[in-house]
Amino acid sequence: MGARLAGHGPAFDRVVDSAEMRALESQAPPGVNLMENAGHAIAAAILRRTGALGARSIVVLVGPGDNGGDALIAAARLASTGARVTAWASRQRPNDPLVTAAAARGVRWRVWNADPRPLTQDAHQASCMVDGLLGIGSTPPLRGPIADILTALPEVTGQARFAVDIPSGIDADSGAADPSSFRAHVTLATGPIKLGALLHPAIEFAGRQIALDIGLPAHTYPPLRTSRIDARTVRRLLPTRPKDGHKGTFGRLAIVAGSSRYRGAAALATVAALRAGAGLVTLAAVEPACAVTAAQAPAATFVPLSASPSGQVEATAADVAASFARPSALLLGPGLGRGDAADTLVYGLLDTLPDTPTVIDADGLNALADRADLLKSLGSRCILTPHPGELARLLRLPSPPEGRQRLAAAQDVAAQTRATVVAKGSPTFVCSADRVWILARPNPALAAAGSGDVLAGAIASLLAQGLKPREAARLGVWLHSRAARIAGGRDDRGVPMEQVAAAVAAAANLRRARPRRRSWRRHRCPPWRQSGAP
C-alpha cells in the first residue's frame, strides 16, 4: 500500500483515545496488514520530511510490542534507500520474522545490555532518530531497559527525531508524561492522533503531529466524536465576501461589555470583531469604555450607558435591546463587572433577545453561574467561552479542572446547556452536545489579560456574519491562535493583545490564498534545526 499522509485519508482530523483506537483496529478488513501499512507509511513520511537519506545514519529504537514492529518495517524500508540503519532493541525479539527481514535489507541489529556507551556513540553519529519503543498500551513512569535507553540518549544538534504513533513515556489517554519521555520533532500517528498527545505535558514531547492513513476502513471513522482544528478543517468555514455586499450583508453585532475598571475589555472585543469582518459593530457600555474603544475603533457605533457609583453599567435590558438595530448576533460580558445591576442586565438581555445568536463571556458567565435555571435554558443559539476557573464556577467544582478533566467539564456544560462551549486554555476545546474539536497549538503569548476578550470578539463577529455557533467557535479559536502568531512572531511573551486583535484580519485573509504543500526540503534549514520550535 502506498503511504498516505495527513489530509489524504479519513484519519487526518480525528482524535482517539486508546480504547477507540483498538476498536478501529479490530474492524480492519481481512487481509489488511496494518503493521506493514504503518511501517511503510512511517518510512515514507520520514523520507518526505528529510529528503533522500543517501548514506546517512539512522538509529531506530525498537520496543517489544507492535510499535517496535512498525519501527522495524520502517527501518527495513529506510535501509533499502541506502541509509545506514541501526535498530536498537530494548530486548530480544526471538524468532521474529521482522528482525530477519530487516537484517536482509541491511539493518544492523543491536540489543541494550545496560552499557550506554555503544548506543550513545551510534546516536551521536545519527542524522535521524526514530522512536518505536512504546505504544498506546503503556503509562508512565518509565521502567527498566526502556527508561535506561531514553535516559542514555544524547541531545544531538541538527538530528531529526521522529516518534512512532506517540512518544515513548507518555500516556495516550491522560497526557501524563515521564520526564525522560522521548522528545520528538515530529510524531507520526499510525491512524488518528491520540488524545493524550494533545494534552499537557505530553504535547511538549510530541512536536508536530501527523496522522498517517494505514488502511483502516473509512466507514469506521464517522462515529468518532473528536476531531482536530487546523487550517485544513477551518478553511471552508470562512464567510464569503460578495462583491456587491454592504455593511448589512456582513452582519450587525451588538456588544454589551466594559466597565470603568475594565475599559480595555470592550475595546479589544470590538476591534477583534471589526477585524474579523463584521459589517457593523455597536458597543453598549459605560462612557469611559466607549471613549477608550472609540479611540481604537472609530468605525464602531456606540450606545453610552449610565454607570453606578462603582463604575458598572446601570441600565435596563429593555432600553439596551431597543438601542440595537436588529442585531445579527450579541456578545455579552467582557469586562462587565459583577453586581446586581450588571447581573440583572445579563439575565434580561438573554430573555429580551431570545432568538439572537449570543456569545457569553467573562462576567456574563459568572452571572449565569448563579442561575442554574437560566443556564440550562440557553440552547443551541449560544456560545459559552469559559476559562478553567469559570468552568469550575458553572459546575460548582471545588477547583479549576485540568487536562482531560477540563475536557470532561466542558462536555458536561455543553450537555447541560445544549450550547457550544469554548473551553479556553492549552489546548482549547470546542464542545457541543455530541462533538468535540481540539485546537492544540500551545502559545504562552496568549496567556495574558485581554486574550479572552479578543477571542470572544472574533467568535461573535463570525456568528454575526451567519456562521452556525459550532462553526463560528471553531474558526474563531483558530483565527485567534493564528493572529497571535502573526502579531508575536517567535515571541512567546509580552505580545500586546491590541496587536493580536488587529492581526485577526491578517489571519482571516491568509485563508483566501490556496495553501502551498509544506515541504521542509525547501527550507534553508528544517524546523528541528531552528532554535525555539520543533
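Here are a few numbered points to help you find your way around this predicted model.

1. A good place to start is the open sheet, which is built from 10 strands with mixed pairing. Reading across, the order is β10-β19-β18-β17-β16-β15-β14-β11-β12-β13. At the edges you will find β10 (226-228) and β13 (301-305), each of which pairs on one side only. On average, neighbouring strands of this sheet are turned by 15° against each other, direction ignored.

2. Next, look inside that sheet at strand β15 (residues 358-360) and strand β16 (residues 382-384). These two run parallel and are joined by 3 bridges. To place yourself on the pair, find Thr358, which stands opposite Cys382 in β16.

3. Now turn to the helix that goes with the β12 and β13 end of the order. Helix α10 (residues 287-296) lies across β12 (280-286) and β13. The direction of α10 is at about 145° to that of β12.

4. Helix α10 also meets another helix, α9 (residues 263-275). Their axes come within 8 Å and cross at roughly 40°, so α9 and α10 are oblique to each other. The crossing of α9 past α10 is right-handed. From α9, the contact uses Arg263, Ala266, Ala267, Thr270 and Val271; from α10, Pro288, Ala289, Val292, Thr293 and Gln296 take part. By type, the residues of this contact comprise 6 nonpolar, 3 polar and 1 charged.

5. Earlier in the chain, strand β5 (residues 128-132) deserves a visit of its own. Is β5 mostly covered or mostly open? It is mostly covered, with 5 of its 5 residues buried. The covering applies to both faces of β5: Cys128, Val130 and Gly132 are buried on one side, and Met129 and Asp131 are buried on the other.

6. Which strands does β5 pair with? One is strand β2 (residues 57-62), paired with β5 in the parallel sense over 5 bridges. Another is strand β6 (residues 160-164), which runs parallel to β5 and is joined to it by 4 bridges.

7. Met129 makes a handy landmark for both of these pairings. Towards β2, Met129 is the bridge partner of Val59. Towards β6, the bridge partner of Met129 is Arg161. Met129 is also one of the buried residues of β5, so if you centre your view there, Val59 and Arg161 are the residues to pick out next.

Note on methods: Residues numbered from 1 in each chain as written. Predicted model: local features only at pLDDT ≥ 70, side-chain atom pairs only at ≥ 80, totals over all residues. Heavy atoms only, no water. Pairing = 2+ DSSP bridges. Axes fitted to C-alpha atoms, helices over the stretch in contact; angles between N-to-C directions. Contact = heavy atoms within 4.5 Å. Parallel < 35°, antiparallel > 145°, perpendicular 65-115°, else oblique. Left-handed = near helix turned anticlockwise from the far one by under 90°. Nonpolar A, V, L, I, M, F, W, Y, C, P; charged D, E, K, R; others polar. Buried < 20%, exposed > 50% of the residue type's maximum accessible area, 1.4 Å probe, protein only.
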